[in-house]
Structures are given as structure tokens and as C-alpha cells.
Amino acid sequence: MQMKGNKFLFGVVVVLLIMISVLPGCNERQPTELVIPSSLEPVEVFREIAVINSYSEILPLLDGEWTAEYMEPTDMPQGATEEQFVEGYLAFVPEVTYTMSDGKRAGCGYDRFVLHIVILKYEDTQSAERSFISISETQQLQDLTYEGIALKNGTCFITDWEGVEEYYWSERNQPCYLIHSGCFVIHYYGREDVLNDMLDRIIVTFGVKE
């Protein structure tokens, strides 16, 4: 009789373990790397990140693309290398046109930027990595691991151009993130909660689990 009781208890434990293993959120592993398809153009990378569901969207107020043949050094993040550079995309996003992943707007002002993002594409992974390292060293960024992804973060000082930049930002010093994936380098700065939302978007879009 005792043996039957033990067998019954063992069976209950096994069933519970099986049920727990299939519950949403259980047995999930964090992404270990970002994989951005090399076939994409920088603007396409941004579009993939900008719309992750039907109620969340990012619409730039100002944006632009450029290639190695028509490049303005001021469009590149400080420290970015030009060797083997192919093309880039940048965007300025005000709070009113940045919809967070939960569907809420970042604010209601057109004259207050909350995000500046630059996406650079290089001919190969090695060239992108060299630029990533150069940007990190020039801007004195630090190592960071977020949701299993290795990246860099720090503070970016916004340069002033006839008072325009200063007008659109709440502070001259803005937190920033730097990401490397394959032949791409992503550098962006802005309001802290928006940066974290962007990071979540990037991981949801391009994060890969082992």
C-alpha cells in the first residue's frame, strides 16, 4: 500500500513538471546575439525596429540616407571609421511621434527630440567591428550586457549648431547606446526610457536564441 502511494505521488510530480515546462514564460532562454540580415539597407533596419506591432510606431521628424560617395563626416557618430563604409541612415524623432512598445506616446511635443539614431553598414563584419571599437574608445563607452546581449553605453554630448540642437533637447548630455551586429553598427542617444524601449525593440526584432 505504501508503494502504491509513492508511485502515485511520483506520477503527480511528473505531471506537474510537464505542465510547468509548457507554461508561457517558462523554459524561455534569453537571446544570445543580434543577427541583422546583411541584405538589409540601414533604412530597412530602422523600419523593422520602428513597427513591431499594430499599435506601436516610430515616425522620424527628420531623417536621411547617405552612401560612401556622398558622405558628410558630421553625419557619422564621433569615432566612426570610413574604411569599407557602404551606407548610413539617421533619424531624429520627437516625443509626439514616438509610440512606446506599450502603445503610449512618449510625449506631446514636436519641438522636443527623444531619439537620435544612426545606423551604419560596412562591407564586412570586421570593418563594422573596427568602427564599433573606435566609436566606443573615442566616446569612452562602457561594456553592458542587457537581456543576454553585449553592447556599449555611456553619455553623448550634443554639439550645438547655431543653437538648433540645444533647442530641441532637454539636456546637452544624453545617455547613449552602441550596438554591433554583423556588418552593422547602431549608435543612438536620447531620453532614457525611450532608449530602453528601442533596445527592447531591437532585441525583439533581431535577437536570436541558441
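Strand S5 (residues 85-94) pairs with S6 in the antiparallel sense over nine bridges. Strands are DSSP runs of E with at least two residues and helices are DSSP runs of H or I with at least four, both numbered from the N terminus. Two strands pair if DSSP finds at least two bridges between them. Within the S5 and S6 pairing, Ile117 of S6 is the bridge partner of Ala91.

The model is predicted, so local features need pLDDT of at least 70 and side-chain atom pairs count only at pLDDT 80 or more, while totals for chains, interfaces and linings use all residues. Residues are numbered from 1 along each chain as its sequence is written, and side-chain values use heavy atoms, with hydrogens and water left out.

**Strand pairing**

S6 (residues 113-122) is mostly covered, with 10 of its 10 residues buried. Buried means under 20% relative accessible area, exposed means over 50%, and partly exposed lies in between (1.4 Å probe, protein chains only). S6 also pairs with strand S10 (residues 184-190), in the antiparallel sense and over seven bridges. In that pairing, Gly190 of S10 is the bridge partner of Leu115.

Another set of pairings involves S7, S8 and S9. S7 and strand S8 (residues 149-157) run antiparallel and are joined by five bridges, and Ile149 in S8 is the bridge partner of Tyr146. The hairpin of S7 and S8 has two residues between the strands, and Glu147 there takes a positive phi near 50°. S8 pairs in turn with strand S9 (residues 173-181), antiparallel and over six bridges. In S9, Leu178 is the bridge partner of Lys152.

**Chain totals**

The protein chain has five helices and 11 strands. Of its 210 residues, 39% count as buried. Among contacts with a separation of 6 or more, 66% are between residues 24 or more positions apart; a contact means heavy atoms within 4.5 Å. The accessible surface of the chain comes to about 12100 Å², and 53% of this belongs to carbon and sulfur atoms. Accessible areas come from the Shrake-Rupley method with a 1.4 Å probe, and for residues only the protein chains shown count as cover.

**Helix H5**

Helix H5 (residues 192-206) has 15 residues, which at 1.5 Å a residue should span 21 Å; its end C-alpha atoms are 21 Å apart, in agreement. The expected span is 1.5 Å times one less than the number of residues. The buried residues of H5 are Val194, Leu195, Asp197, Met198, Leu199, Arg201, Ile202, Ile203 and Phe206. An α-helix has 3.6 residues a turn, so residues three or four places apart point the same way.

**Individual residues**

Trp66 lies in strand S4 and, at 6% relative accessibility, counts as buried. Trp66 touches Met71, Asp75, Met76, Phe85, Glu87, Gly88, Tyr89, Leu90, Val118 and Leu120, leaving aside residues up to four places away in sequence. Trp66 and Tyr89 are 23 residues apart along the chain, and their C-alpha atoms are separated by 6.6 Å.

Glu95 is in the loop between S5 and S6. Glu95 is buried, with a relative accessible area of 14%. Not counting residues up to four places away in sequence, Glu95 touches Arg105, Ala106, Gly107, Cys108, Gly109, Arg112, Val114 and Arg191.

Ser38, in the loop between strand S1 (33-34) and helix H2 (42-50), counts as exposed at 52% relative accessibility. Ser38 touches Lys121, Cys183 and Phe184, again not counting residues up to four places away in sequence. Ser38 and Ser181 are 143 residues apart in sequence and 9.4 Å apart in space, C-alpha to C-alpha.

Leu61 lies in the loop between strand S3 (56-57) and strand S4 (62-67) and is partly exposed at 41% relative accessibility. Leu61, Leu62 and Tyr110 make a nonpolar surface patch of about 310 Å². Patches are made of residues with over 30% relative accessible area and no salt bridge, with like charges joined within 9 Å and nonpolar side chains (Val, Leu, Ile, Met, Phe, Trp, Tyr) within 5 Å. A salt bridge is a side-chain nitrogen of Lys or Arg within 4 Å of a carboxyl oxygen of Asp or Glu.

Two glutamines with positive phi, a value in a residue other than glycine, are set out below.

| Residue and phi | Loop | Relative accessible area |
|---|---|---|
| Gln84, phi near 65° | between S4 and S5 | 30%, partly exposed |
| Gln140, phi near 55° | between helix H3 (125-138) and strand S7 (142-146) | 66%, exposed |
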